[in-house]
Amino acid sequence: MTTMTRPYQVTAAVLFVFSAFVAYESLQLKFYTRLGPGPGLFPFWLALILGALSVSMFFQATFRSAEPRPADFYASKLGYLRALAICGAWMWATVLLEPLGYRLTMLVFFPILLLTLGRVSWYTNVLFTLIGSIAAYWLFTEVLRVTLPIGPFDALFEPIDKFFESIVSIFAR
Amino acid sequence: MDTFHSLMYGFAICLQPANLLFAIIGCLAGTIIGILPGVGPAAGTAMLLPLTFGMPPVASIIMLSAIYYGAMYGGTITSVLVNVPGEAASAITCLDGYQMAKKGRAGAALAVAAIGSFIGGNVATMGLVLLALPLTTMALKFGPPEFFSLMFVGLSLATSLASKSMTRALISAVLGLLLAMVGIDPVMGVPRFTFGHKDLLDGIGIIPIAMGMFGIGELLLTAEGSTTTFIKTKFKEMWLSWQEFKASIWPITRGTFIGFFMGLIPGVGVLVPTFISYAVEKKLSKHPEKFGTGMIEGVAAPETANNAYCNAAFIPLFTLGVPGSAVIAILMSAFMMNGLIPGPFLFKEHPDVVWGVIASFYIGNLVLLIMNLPMIPLWVSFLRIPTPILYTLILGFCVIGAYSGHNSVFDVGLTLGFGILGYLFKKLDFPMAPMILTVILGPLMERALRQSLEMSRGDFSILFTRPISAGLLALAALFVASSFFRMSKAVKKDTVV
């Protein structure tokens, strides 16, 4: 039976290295001042506690009866690809949201996800891409007054903005 | 005029058709604001504040208050249905609410949240009517040492949020405390763990953490498995069963008191009572191991606590003119825009406004209940949207939510980072609740401790010599001791700790 021993040993080792890094960084800060603890005191002690807990986790994983590894601990290739598609689309949004603006970024973000997360017809894909990018932008910026990034090509969307405005003015009347 | 007559006078004002309409509009707008990521109650009330410029003072404050507690309920809807908190106060509801939805009990989770919010809100309002002044005077005795000890009680409860392993729960809690250290040092103003990055100077916000760990983490995990599964809910299973109702009574009662008490203390914030009430329920439960798998108590208590907190937070405002949170500060500005100065004289000088607003809390909570219970089937029907479309829309709205907090793409990237961390936490069975709890408590605790030590010139005994502080520390010690007792019993039984 496969167990969780190895994943927990690796996690404990990573946490130990992380705690050593935090302890080192904390020592670069003031430890104690005339009025009491300085900015480095708490993180240093927390790093020590984390180090001790990671050592304890390593020993528990190594010497105690280990938990069985769940059957779905490792996913299929397709599963990993889907998760990677989410990460990739999100990274696309992170990097290009400000240079391209919300609408243009999302015009790519939505179809990528709709195509990779399951089977969706092309017209559904187009519809939800428009809802998620153009309609959502209008809802958040014009109705809810939430600021979203504008890109250099946003002038392309001016006719759509005017269309929304005309609809609102009809209702306002 | 005695209290009862004053309240009746308030009802007479509040039940005027125009005021009633504004209460309904406020509840509806608040619910929508709560559902949408990136527009929390503070942003929502601030956004709609200019709309109230031309309105009579009572109507404007009634509407803004209704938006506030409406948003508290709205946030629950997305927490339960898609595991993404609409606003931070609903983050803890994700743990059991979403699991209930997975079991086809989304309707029951939303119903208990609505009922709990109604009860919590009304009891807190009753407290506002009957006990406002003495309780506020007592709450103001909370100086930095007492505040630290109260937060320490919260921290001690982190140990009870452990599921299978105490070590992993403690690691999760310490990681949360370390995350809370990022940013400008609260006393000396020195950047800490920012690595020269200006976006980290303000610290790491709760939105990227909660949205990433709960929402994105869950989506990554689900996408990795199969995306064709639907969460099925039958119409007849929408309502609470008798057993669920019975199981919710005490959590609602305790959630009310925790939320009410915390609402009296300025600066606590709405997140703390929700997490503490969840931890208390888990600690008191006969089946703490089942928390996180869809226990109705895990939804009832925090949802009640957040609405009780919201209503109780008005007490320091009305009695002393002290705003306890960002939203209350915005509401205070609405008072001041209308030439009303919140404080002890408000009751005497403008009884129509104060009692009208207080009565509107009862009406607003009732409107929220009447409006939301029939809408549960509609909310739950969103789960019938095909998974690829639903997940893509959630991710798109999460991008907006992550960005709009600070208008920063750095936060968007950070959300993905926490999403991956949430995914790893789930894979390795690390509990997320202790980490989120300590991220919230960490900065509050550190600031209070360091202020206390400045008061005593570095002498730690200040924490033990002040009676309230000492009492709270003793309570925390009791909680920790009982957790370790439970752990040692588990070791004897040879279960994994």
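## Where H4(A) crosses H17(B)

In this predicted model, helix H4 of chain A and H17(B) cross in a right-handed way. Their axes sit 9 Å apart, and the packing angle is about 150°. H4 here means residues 102-116 of chain A.

Who meets whom? From H4(A) come A:Met106, A:Phe109, A:Phe110, A:Leu113 and A:Leu114, while H17(B) brings B:Pro388, B:Ile389, B:Thr392, B:Leu395 and B:Gly396. Sort this contact by class and you get eight nonpolar residues, two polar ones and no charged ones.

## The wider meeting of the two chains

Zoom out to the chains as wholes: 49 residues of chain B are in contact with 55 residues of chain A. On the chain B side, the elements giving two or more residues are helices H8 (166-180), H9 (206-224), H17 (387-404), H18 (409-427) and H19 (433-455). H17(B) gives the largest share of that side, with twelve residues.

As for classes, the side of chain B that touches chain A has 29 nonpolar, twelve polar and eight charged residues.

## A helix pair inside chain B

Chain B also has a pairing of its own to look at. Helix H11 (residues 271-284) packs with helix H12 (residues 297-312) at about 145°, their axes 8 Å apart. This crossing, too, is right-handed.

On the H11(B) side you'll find B:Pro273, B:Thr274, B:Ser277, B:Tyr278 and B:Glu281; they meet B:Glu297, B:Gly298, B:Ala301, B:Pro302, B:Ala305, B:Asn306 and B:Tyr309 of H12(B). The class count for this contact is six nonpolar, four polar and two charged residues.

Technical notes
Residues are numbered from 1 along each chain as its sequence is written. Chains are lettered from A and ligands numbered from 1 in the order in which they are written. This is a predicted model: local features need pLDDT of at least 70, side-chain atom pairs count only at pLDDT 80 or more; totals for chains, interfaces and linings use all residues. Axes are lines fitted to C-alpha atoms, for helices over the stretch in contact, and angles run from 0 to 180 degrees between N-to-C directions. Helices (H or I, at least four residues) and strands (E, at least two) are DSSP runs, numbered from the N terminus. A crossing is left-handed if the near helix is turned anticlockwise from the far one by less than a right angle, and right-handed if clockwise. Two residues are in contact if their C-beta atoms, placed from the backbone, lie within 7 Å. Ala, Val, Leu, Ile, Met, Phe, Trp, Tyr, Cys and Pro count as nonpolar, Asp, Glu, Lys and Arg as charged, and the others, Gly among them, as polar.
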